Amino acid sequence: MQKIVYVPLDERPCNYSFPNLLTDQTEVNLVRPSLNLMGEKKKPGDIEQLWDWLYKESMDADGLILSIDTLLFGGIIPSRLHQLSLEDCEKILNKLSRIKAGNSNVKIYAFNLIMRCPQYSSNDEEPDYYEYWGKEIFRYGELSHLIAANLASEEDQKEYEALKCQLPKEHVEDYLARRTINVGVNQLVLEYVSKGIIDFLIIPQDDSAPYGWTAMDQQAVRGAIAAHHLELDVYMYPGADEVGCTLLARMLNAFKDKRPLIYPVFSSSQGPAVTPLYEDRPLLETLKYQILAAGGLMTTNMQEADLVLFVNAPVEPMLEASCQGDLSTTYQVNRNLIDFVEQLEFTAKKRTIPCIVADVAFANGSDLELLKLMKFKNILFSLAGYAGWNTSSNSLGTCIAQGMFYNIFGESQAHRNFLALRYVEDAGYCSYVRNDVTNNRLPELGYNYFRVDGKKGVVANIVQSQLTSFIQEHLIDDENSIHIKECTMPWSRMFEVGLTVEHIK
């Protein structure tokens, strides 16, 4: 049994629990820090104790998967709020050398985000001033990038000057100073890759866009990667909360000396060229990275494929999952879900090639029409992997990682449980229950999208009840049932849900 020590990006289920669920009932022993070390949302984890725990656990480990954001700042949200200097970060990072010195054979895979810049005004995950100036800070960065690239119009120039005068100087200075440290940390981490202390690194881009502060920081980091000649050891692409699963799959494939071949099938001809919401490049280009990062290769020959990846792709313009009840004609005619599902059934049942479904037609939830068709075909629990939550990259990384585990370990109760979780969470919660409860139940209870009554309050009970009804109506049949064992609201808000589910056959 291989021991892999995992330091998650934060304590939410997608980061803390998903990798653990993938390793359940396998020969991989995934070791995580206890939740009381991980912090909570804006409250950072106990960094000193995390390092002590990591050092002890790494001595007999085969591999480490490390969130640098957690080890430096205590989590993803604290990484956007901290007051550390670059020198402080450099001192903390020196502890990586001690770990490698204590266990020279351990493989270290790490990831450190390029700091995001949301396009909206909210301080839910950002500094307090972002509630009032977030949209303007994003636009200021977008215009700065356009001007630097000689792509700005005369109107853009005027808007830039107006924003420069309008934005409070102290807020801009605080925000950009933290971004500078983020770039500096990524450059420091590259040195550990150069020295062979870190064996592989992903630099994910959370909520990215083609132009703006994040894109400019990406250029700086990309230049540093090239200067170190690390293009084959450091990947940079859109993503965040799925990276723990991705690196886990990569490490498993490396330990097993496997390089799975993946053949993609798209639901629309234009889908590969669409740039998904919250990302900065065409879907196909990100897909290539997601497959590579998980330890696989894309193939153009289905006959030689270990896995077939069915991508329910978006059309232009991409929509949120909450909008799918009122779809435009474009979404209806520029995809062919009938052919998609027929091909999926034939490949999985007749060709008996393991199939993964990346349900990324919408942002922040599954395609309910696809779910209905897959249920009609009785293939919901015949898949090697499925995901349809949050961003396109979050879904791609999650389902590809599950497929990699299936490719090695095959069918199991744990595998079916994870499929069940994805259907209940991605389709049931993200695409239906979240919107319904937010609009129809929270106002009468005196709550809102960003504030509910704790992790296990009345709102969590309402969500569990509605998800149970969704399961009865949309997921179960004569052969398959799903039971929700626990339902929580991890950050006491509506964006994410914490579920423990069991598939019953």
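Visitor: What is the order of the strands in the open sheet of 5 strands?

Guide: This is a predicted model. Its open sheet of 5 strands is paired in the parallel sense. Read across, the order is β8-β7-β9-β11-β13.

Visitor: Which strands stand at the edges of that sheet?

Guide: An edge strand here has a single partner strand, so one side of it is left without a neighbour in the sheet. That holds for two strands: β8 (297-298) and β13 (385-387).

Visitor: How many bridges join strand β7 to strand β9?

Guide: Strand β7 covers residues 261-266, and strand β9 covers residues 307-312. The two run parallel. One of the bridges pairs Phe266 with Val311 in β9. The number of bridges joining β7 to β9 is 5.

Visitor: Is strand β4 largely enclosed or largely open?

Guide: Strand β4 spans residues 107-111. Buried means under 20% relative accessible area. Of the 5 residues in β4, 4 are buried, so the rest of the structure leaves this strand largely enclosed.

Visitor: Which strands pair with β4?

Guide: Strand β3 (residues 63-67) pairs with β4 in the parallel sense, over 5 bridges. There, Gly63 has Lys107 as its bridge partner. A parallel pairing over 3 bridges links β4 to strand β5 (residues 200-205), with Tyr109 bridged to Phe200. The partners are β3 and β5.

Visitor: Which helix gives the most to the largest nonpolar core?

Guide: In soluble globular proteins, nonpolar side chains tend to be buried together. The largest nonpolar core here has 100 residues, and Leu309, Met374, Ile400, Tyr423 and Val463 have the most contacts inside it. One helix, residues 413-440, gives 11 residues to this core, the most of any: α17.

Visitor: How many residues are in the other core, the one with Ala61 and Phe73?

Guide: This core lies apart from the largest one. Leu188 and Val189 are also among its residues. Its count is 44 residues.

Visitor: Are helices α9 and α10 roughly parallel or roughly antiparallel?

Guide: Helix α9 (residues 169-194) and helix α10 (residues 213-227) pack with their axes 10 Å apart. Residues in contact include Tyr175 and Leu176 in α9, and Trp213 and Thr214 in α10. The angle is about 25°, and angles under 35 degrees count as roughly parallel. Therefore α9 and α10 are roughly parallel.

Visitor: Is the crossing of α9 and α10 left-handed or right-handed?

Guide: The angle between these two helices is about 25°. The handedness of their crossing is right-handed.

Notes:
Residues are numbered from 1 along each chain as its sequence is written. This is a predicted model: local features need pLDDT of at least 70, side-chain atom pairs count only at pLDDT 80 or more; totals for chains, interfaces and linings use all residues. Side-chain values use heavy atoms; hydrogens and water are left out. Buried means under 20% relative accessible area, exposed over 50%, partly exposed in between (1.4 Å probe, protein chains only). Two strands pair if DSSP finds at least two bridges between them. A nonpolar core is a set of buried Ala, Val, Leu, Ile, Met, Phe, Trp, Tyr and Cys residues joined through side-chain atoms within 4.5 Å. Axes are lines fitted to C-alpha atoms, for helices over the stretch in contact, and angles run from 0 to 180 degrees between N-to-C directions. Angles under 35 degrees count as roughly parallel, over 145 as roughly antiparallel, 65 to 115 as roughly perpendicular and the rest as oblique. A crossing is left-handed if the near helix is turned anticlockwise from the far one by less than a right angle, and right-handed if clockwise. Contact means heavy atoms within 4.5 Å.
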